[in-house]
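Colleague: I should like to learn how to read a protein surface that faces DNA, and how to read the relation between two copies of a chain. May we work through an example together?

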2 protein chains.
Amino acid sequence: MREPMTTAGAGDPPPESGPGTRPGSAAWWLAREQEPARPRRRRSLTLEAILDASMTLLDTRGAAALTMRNLAEALGCTQASLYRHVRNRDELVTLLVDRALGVASAAPPEGTDWAGKAAWSARLFRAHLLRHPGVASLLRGTERLGPNSLAGMEYALGLFVGAGLSPRLAAAAASSLATFVIGSVRFNLGLDASDSEESRHRRLLYRSRDATALPLLVRHADVLAEVGSDDEFEVGLTALLTGFRVLIEQEGGARD
Amino acid sequence: MREPMTTAGAGDPPPESGPGTRPGSAAWWLAREQEPARPRRRRSLTLEAILDASMTLLDTRGAAALTMRNLAEALGCTQASLYRHVRNRDELVTLLVDRALGVASAAPPEGTDWAGKAAWSARLFRAHLLRHPGVASLLRGTERLGPNSLAGMEYALGLFVGAGLSPRLAAAAASSLATFVIGSVRFNLGLDASDSEESRHRRLLYRSRDATALPLLVRHADVLAEVGSDDEFEVGLTALLTGFRVLIEQEGGARD
DNA sequence: ACCTGAACACCGTTCAAGT
DNA sequence: ACCTGAACACCGTTCAAGT
C-alpha cells in the first residue's frame, strides 16, 4: 500500500527547472539543488557571503536598507556581480529568510508533553522573530519549503503525530500554528500597545468613538487599550493547543 | 468603579498631531479626524477619488502596480497633487486597506451560537481577502485601528463577551483570530498546494529529502504534499474556537 | 570565462516657478 | 491659494565592452 520511501516514482516528470519558476515554489526549491554548484574557478564572491552580508544589513539597518546597491557596497563588489549568484532580489529574500529561521533546533525541556513542547518552541520562535524584526517583515511564505523550514515542519509533525493526529491533520495543525506565530509578530511590528504612548493614545481613540455604534469599545476602552501582542499571542497559542488536544481526543486512533 | 462612558479624562494630554506620527498608530488615526476637512475651495481631486482609483488599480493590476505615478495617470493629475491629500504612500496604503475591509458587516445566519457566528465571519473575511489578493498582500497591521477594523473588533468583542469572556480576554481572542485569518491568506498567496502542479512538485521535494533527517516528511510525502491553505485554515479555525470555548468554561463568570 | 561600468526604466518625494 | 513641471535621490535589472 505504501510507496518505497526514498525513490520518486519513475513516471513523474521532473520539475521544469527553467528560469521561469517562481522563487519559493516547490519546483524552484527542487531546481536549485540540482545545479552542479559549478566550481569552475575559485570564486571570490559566494552565495554564503552574500547571505551573511544581507543578514547583517537586515539586522543593523532594517529591511528597507536591504538593497542590491547597499549589499554590493558592503561586499565591495558591483551590483551586477550579485546577479551571478542570485537571479532576483526575490530569490535573495527567500533564501535569506529560510536561513534566518535556523533556530527552532534548540531542544525544548524534557519531561513535558507534546503541548508543552509545542508551546515552548512557539515562544522561542516568536522571541527569535522579535529579536530580528527585519526578518519578520520579510516573511512571506515563500520560505515554507526551504531546508530550515522543512526541519521545523518535521519537528512539529513529530510532536503532533506522536500525540495521535493523522499526518494530514498534523501537517495542517503545524502549519496553522506557524502561521499564527508569524502573523502575531508581523502584524504588530512597531505598533504594539506595550508601548505606553501608543496605549495611551489607543485609550483616547477608543473613548472618543460613537458609543451607540461601538458600545463595548467605548465602555471598556481602558482595558482594551492595554491589550497588546503579548496577550494576543498567549491567548491564541493556548487556544490553538487546547483545540488540537480536543481534536486528538475526538479522533482517537483514526487514520486519515 | 467604572469611568464615565464617553468622556475622555480631562487631564489626558492630546496626541501630538504633528507630521511625525507614524501612519497606523493610534495618534495618527486620532489626528487625522481632527483636521477640519478644509472645504476652502471646491476641490476637483478628493481623497475618496484617490482611494477609489487605488482600489481598482490594486484589483486589476496587483499590488506592485499601485504606484503614485500609475495613480496620478489613472486620475489624470500629477503625482505632486496626490501629496496634497496624503502625506505618504504608507498613509495611502493604511487608509486603503482599512477601507477595503468593510465587509465583515454581512450578518451571519441567526440560530447559531457565538462559535458558529465567529466561524462564519472568519470564512467570509477569508473569502473576501482571497478575492482581493492585492489587499491581502498590503495588510500590515497598520489598519488595525481604522474605522472598519474597529467595527469588526466591536462585532467580535460582542460575540466573545456575550459568550462569557472578560473584555481583556475577548479582545485578545478577537485579535488572535484576525491574525490567524489574515496570516493564513497572506502566507499562502500564489503558492498553494491546491495548485496541482505545485502539489506534484511538493511530493517530489518531500520524497527526495534525507529520510533519516526528515523521516515523517519522506514517509508521508504523498499526503503532506496535498495539505494546502484550505486545510490549514479550517483546522486552525476550529482549534482556535474550540480553545476559546474551553477557556470560557474554565473562566466561568470571572472578571478580568 | 569572468567581471565591470554604465545605462535603462522605473520608484517616492520635493519644490521653485507658474497662474 | 492652488497646481504644475521638473528635478532629486534613490530602486532592480541588464548588457555591451573590457580583461
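The dialogue below takes up the DNA surface and then the two chains.

Modeller: Please keep in mind that this is a predicted model.

Colleague: Which residues are closest to DNA strand D?

Modeller: One begins with the residues that have a heavy atom within 4 Å of the strand. Here 18 residues surround DNA strand D, and the closest are Arg69(A), Gln79(A), Tyr83(A), Arg89(A) and Ser81(B). On the DNA side, sugar and phosphate make up 51% of the strand D atoms that come within 4 Å of the protein.

Colleague: What lies 3.1 Å from a base oxygen of DNA strand D, and what from a phosphate oxygen?

Modeller: For such pairs one looks for N or O atoms within 3.5 Å. Gln79(A) places a polar side-chain atom 3.1 Å from a base oxygen of DNA strand D. Asn88(A) has a polar side-chain atom 3.1 Å from a phosphate oxygen of the strand, and for Ser81(B) the distance to a phosphate oxygen is 2.9 Å. Two or more residues of the surface near strand D come from each of helix 3 (68–75) and helix 4 (79–82) of chain A and helix 4 (79–82) of chain B.

Colleague: Which helix gives the most to this surface?

Modeller: Helix 3 of chain A does, with three residues. By class, the surface near DNA strand D comprises five nonpolar, seven polar and six charged residues.

Colleague: What rotation superposes chain A on chain B?

Modeller: A rotation of 180°, with 0.0 Å of shift along its axis, does so at an RMSD of 0.0 Å. The two copies are therefore related as by a two-fold rotation axis. Both copies use the same surface, since 99% of the contact residues of chain A recur in chain B.

Technical notes. Residues are numbered from 1 along each chain as its sequence is written. Chains are lettered from A and ligands numbered from 1 in the order in which they are written. This is a predicted model: local features need pLDDT of at least 70, side-chain atom pairs count only at pLDDT 80 or more; totals for chains, interfaces and linings use all residues. Side-chain values use heavy atoms; hydrogens and water are left out. A polar contact is a pair of N or O atoms within 3.5 Å; within protein, one must be able to donate a hydrogen and the other to accept it, and residues adjacent in sequence count only if both atoms are side-chain atoms. Helices (H or I, at least four residues) and strands (E, at least two) are DSSP runs, numbered from the N terminus. Ala, Val, Leu, Ile, Met, Phe, Trp, Tyr, Cys and Pro count as nonpolar, Asp, Glu, Lys and Arg as charged, and the others, Gly among them, as polar. Copies are superposed by least squares on the C-alpha atoms of residues with pLDDT of at least 70 in both. Contact means heavy atoms within 4.5 Å.
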